[in-house]
Amino acid sequence: MNTCANCAAELTGPFCANCGQEHQEAEPSLGHVLRDLWDDVIKIDGKVLTTLKLLFTQPGQLTLEYFEGRRIRHVTPFKLYLTLSAVYFLLSNFSYIRQKIERQSAIKSTSTSAETAALIQDVIAAGTRYFFDHLSTILILIVPFTAISTAILFRGSRRSFLFHLVFVLHVWSFLFLTVGVLGALNVPLNFFQFFLVCSIVYMIPASRRVFKRGWTESVAKSFLFGASVMTVCVLTLIVIVGGHAYQRKSALAKSIQGQPSPSRQIK
């Protein structure tokens with residue numbers, strides 16, 4: 001055969017110059033099937049290893065490589081983000097975090113009835129469950145806000161918003177893999193502490209390399225970046241819990257009106 005079976009383009013070698021498909025017989029041999037299995041399922045792509053090595057050994061360099069046109073050798077930013085976020089959610093167990101938030105949100109008051117306390121506790125638990133059940137989607141929506149954060153912090157760099165977006169995709173990719181591994185190893189840090197510590201650790205050398213900042217400025221702005229990420233996450237959780245409270249407002253109002261005293265304290 002002198003033409004590609006996939007696109008009918010003329011063949012000039014073992015691979016089609018038009019679509020990239022390898023030239024094989026119409027009915028593949030067992031060897032071809034086993035080789036495809038190795039390449040697609042078992043073998044770790046060298047591009048993945050190169051990308052991860054650069055991500056961890058030279059923070060920020062992946063972003064520079066992408067915008068300097070050296071892209072074929074690395075996994076694309078959004079694909080890297082999605083892949084490592086999937087690894088993170090596979091390794092993470094949020095049940096302990098949910099229980100801890102619910103316990104710390106317990107109602108303590110001599111004038112609050114058990115019924116009202118249970119109702120408020122149920123609202124907090126429902127909001128917390130929703131937050132962690134939809135965390136993958138929430139974090140995707142948060143990414144543009146973190147890009148805005150770096151654009152504000154490093155506004156003198158004269159970089160486009162797309163540059164900042166790719167940069168934070170690489171930051172989040174580092175966070176996902178690092179936090180996922182630390183969580184799987186039961187390192188004694190909670191969800192928010194993980195992200196705060198890891199984001200600062202990565203941002204300091206990354207901002208020095210990408211935005212050409214000194215140590216003092218890089219450290220200060222890395223702390224601000226980590227704080228902004230945590231602030232957005234916490235505010236999102238509060239908004240979700242508030243949304244569940246609004247949905248249950250009738251039941252809450254009825255329960256609270258039946259209290260003998262208006263004095264209430266939420267810890």
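Start the tour by selecting serine 218, whose place is in helix 10, and keep in mind throughout that the model on the screen is a predicted one. Serine 218 is buried, with a relative accessible area of 0%. If the side chain of serine 207 is shown as well, a polar contact of 3.4 Å can be seen joining the side chains of serine 218 and serine 207.

Stay in helix 10, which covers residues 215-247, and select glutamate 217 together with lysine 221. These two residues form a salt bridge, in which the closest N and O atoms are 2.7 Å apart. Why are glutamate 217 and lysine 221 separated by about one helical turn? The reason is their spacing, because they stand four residues apart in helix 10. The two partners are covered to unlike extents: glutamate 217 is partly exposed, with a relative accessible area of 30%, while lysine 221 is buried, with a relative accessible area of 17%.

Now zoom out to take in the whole chain. Its secondary structure comes to eleven helices and zero strands, so that reading along the sequence gives the pattern α-α-α-α-α-α-α-α-α-α-α. Of the 267 residues in the chain, 38% are buried. A search of the whole structure for salt bridges finds five of them, and the pair just visited in helix 10, glutamate 217 with lysine 221, is a salt bridge too.

For a group of linked charges, select Glu65, Glu68, Arg70 and Arg73, which are joined in a network of salt bridges. Begin with arginine 70, which at 30% relative accessibility counts as partly exposed. Arginine 70 forms a salt bridge with glutamate 65, where the closest N and O atoms are 3.0 Å apart, and a salt bridge with glutamate 68, where the closest N and O atoms are 2.2 Å apart. Is glutamate 65 buried or exposed? Glutamate 65 is buried, with a relative accessible area of 9%, whereas glutamate 68 is partly exposed, with a relative accessible area of 47%.

From here, select valine 75, which is placed in the loop between helix 3 (61-67) and helix 4. Valine 75 is buried, with a relative accessible area of 13%. Add leucine 52 to the selection and draw a line between the two C-alpha atoms: valine 75 and leucine 52 are 23 residues apart in sequence and 9.0 Å apart in space.

Follow helix 4, residues 77-91, as far as leucine 90, which is found in this helix. Leucine 90 is exposed, with a relative accessible area of 73%. Turn on the surface and colour Leu90, Leu91, Val181 and Leu185, and a nonpolar patch appears, in which the four residues together have about 400 Å² of accessible area.

Next, select helix 7, residues 135-153, and look along its length. With 19 residues at 1.5 Å a residue, this helix should span 27 Å, and its end C-alpha atoms are 26 Å apart, which agrees. Where does helix 7 bend? The bend, of about 30°, is at isoleucine 142, and a proline, proline 144, follows within four residues. Isoleucine 142 is also among the buried residues of helix 7, which include Leu135, Ile138, Leu139, Val143, Thr146 and Leu153.

The last stop is helix 8, residues 161-184. Its 24 residues, at 1.5 Å each, should span 34 Å, and the end C-alpha atoms are 34 Å apart, which agrees. Helix 8 is mostly covered, since 17 of its 24 residues are buried. Within helix 8, select threonine 178, which is buried, with a relative accessible area of 17%. Show the backbone of phenylalanine 174 as well, because its oxygen lies 2.8 Å from a polar atom of the threonine 178 side chain. Finally, step just past the end of helix 8 to asparagine 186, which takes a positive phi of about 60°.

Technical notes: Residues are numbered from 1 along each chain as its sequence is written. This is a predicted model: local features need pLDDT of at least 70, side-chain atom pairs count only at pLDDT 80 or more; totals for chains, interfaces and linings use all residues. Side-chain values use heavy atoms; hydrogens and water are left out. A salt bridge is a side-chain nitrogen of Lys or Arg within 4 Å of a carboxyl oxygen of Asp or Glu. Buried means under 20% relative accessible area, exposed over 50%, partly exposed in between (1.4 Å probe, protein chains only). Helices (H or I, at least four residues) and strands (E, at least two) are DSSP runs, numbered from the N terminus. The expected span of a helix is 1.5 Å times one less than its number of residues. The bend at a residue is the angle between axes fitted to the seven residues ending there and the seven starting there. Patches are made of residues with over 30% relative accessible area and no salt bridge: like charges are joined within 9 Å, nonpolar side chains (Val, Leu, Ile, Met, Phe, Trp, Tyr) within 5 Å. Accessible areas come from the Shrake-Rupley method with a 1.4 Å probe; for residues, only the protein chains shown count as cover. A polar contact is a pair of N or O atoms within 3.5 Å; within protein, one must be able to donate a hydrogen and the other to accept it, and residues adjacent in sequence count only if both atoms are side-chain atoms.
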